[in-house]
Amino acid sequence: MIEQFAKNVDAGLSKAEKTLPSKYFYDKNGDELFVEIMKMPEYYLTRCEMEIFTTQTDELIASFQAHKNDYFELIELGAGDGSKTRTLLEALSKKDYQFDYLPVDISQNALDQLQQSLQRHLPQVSVVPKHGDYFDMLGSVKDSHHPKIVLFLGSNIGNMTDPEASEFLYQLGANLSKGDKLLLGTDLIKPADVVLPAYNDDSGITSSFNINLLHRMNAELGATFDPDGFVHAPEYNENEGIAKSYLLSNKVQSVEIAATGKTYNFQAGEKIHTEISRKYDDQVLAKILAKTDFSISAKFTDKKNYFADYLLNRN
Ligand SMILES: C[S@@+](CC[C@H](N)C(=O)[O-])C[C@H]1O[C@@H](n2cnc3c(N)ncnc32)[C@H](O)[C@@H]1O
């Protein structure tokens, strides 16, 4: 894990336009900060998707077209704290569906917390956590031959570029069977005055979340990042519907990283791209799905039409 982390960091910081992979945000501190982000007044995404899950639970379940007596696997990619999924799990178990819940997450801490919380609140639900990168586990999905419903919520897909999302969904589809379902949570394209504050809250939590990546590299890779030497700098291009987060170096500086054995130089004003948050509409999604085996069979939106959960059918 550490070797992979060091390799990814070196690859990203050696590019002309420096990058760091967003999956490394989620250590214990990052998990806690993300839970705080979800509660922020500016972070509409979680509230909107939660509204869909609480007010349209029966419609969501009906769209799965699962039969009460036929066992299925409910797989969640990047489950996090599973707060929205809990509503669904509760309703499915009340209606006597036969299923196991398989949350996948790169953060062992997030999985442990999720398992403990489900054990307390929904002990009747069978939980089988899977620790790892969801890109790596796509191949193992087809090891079981049971019908599958995959959840990919919270606009996690938005952390991929369009070609990456297309390739990811192609691979996922290739490992599922005809009739399996994917519930895909997407943040919808909307004006900058709504989107940008979600990535630049007044209380500075998103900033701490981004800067935490520097603390993590210092702790785990023996790096010498000065966390005060970088500022959180989000941008949103309304025409493209793409938000990006950067760490901007506020001075000329050099950083050594013991795990890579290298020194990285930063100019004043130079940016490290840490996260992309792509926003969607029907056309963007249709283009991404064009080369995959999925088609859209239903769309659930919140009252403000800020967020959509698309139910995709594996053809
Ligand atoms: C933005 S949070 C969303 C959590 C949850 N799905 C929700 O909608 O609230 C992203 C979650 O995905 C996990 N994650 C990010 N990249 C991952 C990857 N490549 N493989 C597995 N999990 C990943 C993180 O640890 C985190 O728990």
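Colleague: Let me start with one residue: is Leu169 buried or exposed?

Modeller: Happy to begin there, with the reminder that this is a predicted model. The general idea is to compare the relative accessible area with a cut-off, and buried means under 20%. Leu169 has 1% relative accessibility, so it counts as buried.

Colleague: Where does Leu169 sit, and which residues does it touch?

Modeller: Leu169 belongs to helix H8, which covers residues 162–174. Setting aside residues up to four places away in sequence, Leu169 touches Ile157, Leu182, Ile288, Leu289, Thr292 and Phe294. You can also check a distance across the chain: Leu169 and Asn8 are 161 residues apart in sequence, and their C-alpha atoms are separated by 22 Å.

Colleague: Stepping back, what is the secondary structure of the protein chain?

Modeller: The protein chain has 11 helices and 13 strands.

Colleague: And how do I read the radius of gyration of the protein chain?

Modeller: The idea is to set the value beside the one for a compact globule of equal length. For 315 residues that would be near 20 Å, and the protein chain has 20 Å, so the two agree. Along the principal axes, the C-alpha atoms fill a box of roughly 65 × 40 × 40 Å. Buried residues account for 53% of the 315 residues.

Colleague: What share of the contacts join residues at least 24 apart?

Modeller: Here you take contacts between residues at least 6 apart in sequence, and in the protein chain 74% of those join residues at least 24 apart.

Colleague: How should I look at the surface and the charges?

Modeller: For the surface, ask how much area is exposed and which atoms supply it. The protein chain exposes about 14,200 Å², with carbon and sulfur atoms supplying 48% of it. For the charges, compare mean positions: those of the 32 positive and 46 negative charges are 3 Å apart.

Colleague: Now a charged residue: is Lys279 buried or exposed?

Modeller: Lys279 counts as buried because its relative accessibility is 1%. Lys279 lies in the loop between strand S11 (271–278) and helix H11 (282–289).

Colleague: Which side chains make polar contacts with the side chain of Lys279?

Modeller: The side chain of Asp187 is joined to that of Lys279 by a polar contact of 2.7 Å. The side chain of Tyr199 makes another polar contact with Lys279, at 2.6 Å. Beyond neighbours within four places in sequence, Lys279 is in contact with several residues, among them Tyr44, Leu45, Val195 and Tyr236.

Colleague: What about Arg278?

Modeller: Arg278 lies in strand S11, and its relative accessible area of 8% is why it counts as buried. A polar atom of the Arg278 side chain lies 2.8 Å from the backbone oxygen of Glu240. The contacts of Arg278, leaving aside neighbours within four places in sequence, include Ser155, Asp162, Asp187 and Gly241.

Colleague: Ser155 caught my eye there. How do I read its phi?

Modeller: Most residues other than glycine have a negative phi. Ser155 has a positive value, near 55 degrees. Ser155 sits in the loop between strand S5 (148–152) and H8, and it is buried, with a relative accessible area of 7%.

Colleague: And where is Asn305 found?

Modeller: Asn305 is in the loop between strand S12 (294–301) and strand S13 (307–314). Phi of Asn305 is also positive, near 60 degrees. With 46% relative accessibility, Asn305 counts as partly exposed.

Technical notes:
Residues numbered from 1 in each chain as written. Predicted model: local features only at pLDDT ≥ 70, side-chain atom pairs only at ≥ 80, totals over all residues. Heavy atoms only, no water. Helix = DSSP H or I, 4+ residues; strand = E, 2+ residues; numbered from the N terminus. Rg over C-alpha atoms; globule rule 2.2 N^0.38 Å. Buried < 20%, exposed > 50% of the residue type's maximum accessible area, 1.4 Å probe, protein only. Contact = heavy atoms within 4.5 Å. Areas by Shrake-Rupley, 256 points an atom, 1.4 Å probe, with all protein chains shown as cover. Lys, Arg positive; Asp, Glu negative; His and termini not counted. Charge placed at Lys NZ, Arg CZ, Asp CG, Glu CD. Polar contact = N/O pair within 3.5 Å; in protein donor to acceptor, adjacent residues only side chain to side chain.
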